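Please open the structure in your viewer and keep the selection tool at hand. The tour below goes from one selection to the next and says what is there at each stop.

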Amino acid sequence: TAGTSAPQGEVKLRVASYNIEWFSEEAREDRIANLKSVLRNIQPNILAFQEVQSKRAMRQILDDSWEIAMQDDKSEDQEVGIAVRQPLKLVSSE
């Protein structure tokens with residue numbers, strides 16, 4: 001939480017790992033809605049994900065309050081990555 005003040009009382013950090021199974025930039029609207037619903041229900045602050053085509057694909061389900069880091073190698077069909085929700089910040093994606 002660099003650069004922010006912690007709220008008074010207990011602070012909870014939720015971390016999730018999600019194999020999204022061949023999630024592409026051309027995902028169907030119902031699949032996008034289902035994934036958004038899952039994330040809304042679990043409310044992670046940090047999300048590790050697997051089997052995603054690209055950052056562009058992840059932007060279908062994560063809004064601008066999320067920073068995304070992934071290799072995003074054009075020669076690969078699937079990637080792994082991590083996303084953090086504000087006020088958390090990615091320090092490095094190396």
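Begin by selecting Arg 56, which counts as exposed because its relative accessibility is 58%. Keep in mind throughout that this is a predicted model. From Arg 56, follow the side chain to Glu 25, where the two meet in a salt bridge with a distance of 2.9 Å from N to O. Arg 56 belongs to helix H2 (residues 55–58), while Glu 25 lies in the loop between S1 and H1, so that the pair, 31 residues apart, links distant parts of the chain. At this end of the bridge, Glu 25 counts as partly exposed, since its relative accessibility is 21%, and the cut-off for buried is under 20%.

The structure holds two salt bridges, and for the other one you can select Asp 30 together with Arg 28, whose closest N and O atoms are 3.0 Å apart. Asp 30 is partly exposed, with a relative accessible area of 42%, whereas Arg 28, with 55%, is exposed.

Now zoom out and colour the chain by secondary structure. Two helices and four strands should appear, and reading along the sequence gives the pattern β-α-β-α-β-β. Of the 94 residues in the chain, 31% are buried, and the chain exposes about 6,600 Å², of which carbon and sulfur atoms supply 46%. If you display contacts between residues at least 6 apart in sequence, 58% of them join residues at least 24 apart.

Next, select residues 29–42, which form helix H1, a run of 14 residues that reaches 20 Å from its first C-alpha to its last, close to the 20 Å expected at 1.5 Å a residue. Within H1, pick out the buried residues, namely Ile 32, Leu 35 and Leu 39. If you look down the axis of H1, these buried residues fall within an arc of 65°, and they therefore line one face of the helix. An α-helix has 3.6 residues a turn, so residues three or four places apart point the same way. What do the buried residues of H1 pack against? Show strand S1 (15–23) and strand S2 (46–52) beside the helix, and you will find that the buried residues pack against both of these strands. Turning to the other side of H1, you come to Glu 29, Asn 34, Arg 40 and Asn 41, which are exposed. Just after H1 comes Gln 43, a residue whose phi is positive, near 45°.

For the interior, select the largest nonpolar core, which has 18 residues, and in which Phe 23, Leu 47, Phe 49, Met 58, Ile 61 and Leu 62 have the most contacts inside it. At least two residues of this core come from each of S1, H1, S2, H2 and strand S3 (66–70). Met 58 makes a good centre for this view: leaving out residues up to four places away in sequence, Met 58 touches Ile 20, Phe 23, Leu 47, Phe 49, Val 52 and Ile 68.

The last stop is Ser 54, which you will find in the loop between S2 and H2. Is Ser 54 buried or exposed? Its relative accessible area is 3%, and Ser 54 is therefore buried. Apart from neighbours within four places in sequence, Ser 54 is in contact with Glu 25, Met 70 and Asp 72, and Glu 25 brings you back to the salt bridge with Arg 56.

Notes: Residues numbered from 1 in each chain as written. Predicted model: local features only at pLDDT ≥ 70, side-chain atom pairs only at ≥ 80, totals over all residues. Heavy atoms only, no water. Expected span 1.5 Å × (residues − 1). Buried < 20%, exposed > 50% of the residue type's maximum accessible area, 1.4 Å probe, protein only. Arc of directions from axis to C-beta. Contact = heavy atoms within 4.5 Å. Salt bridge = Lys/Arg side-chain N within 4 Å of Asp/Glu carboxyl O. Areas by Shrake-Rupley, 256 points an atom, 1.4 Å probe, with all protein chains shown as cover. Core = buried A, V, L, I, M, F, W, Y, C linked by side-chain atoms within 4.5 Å.
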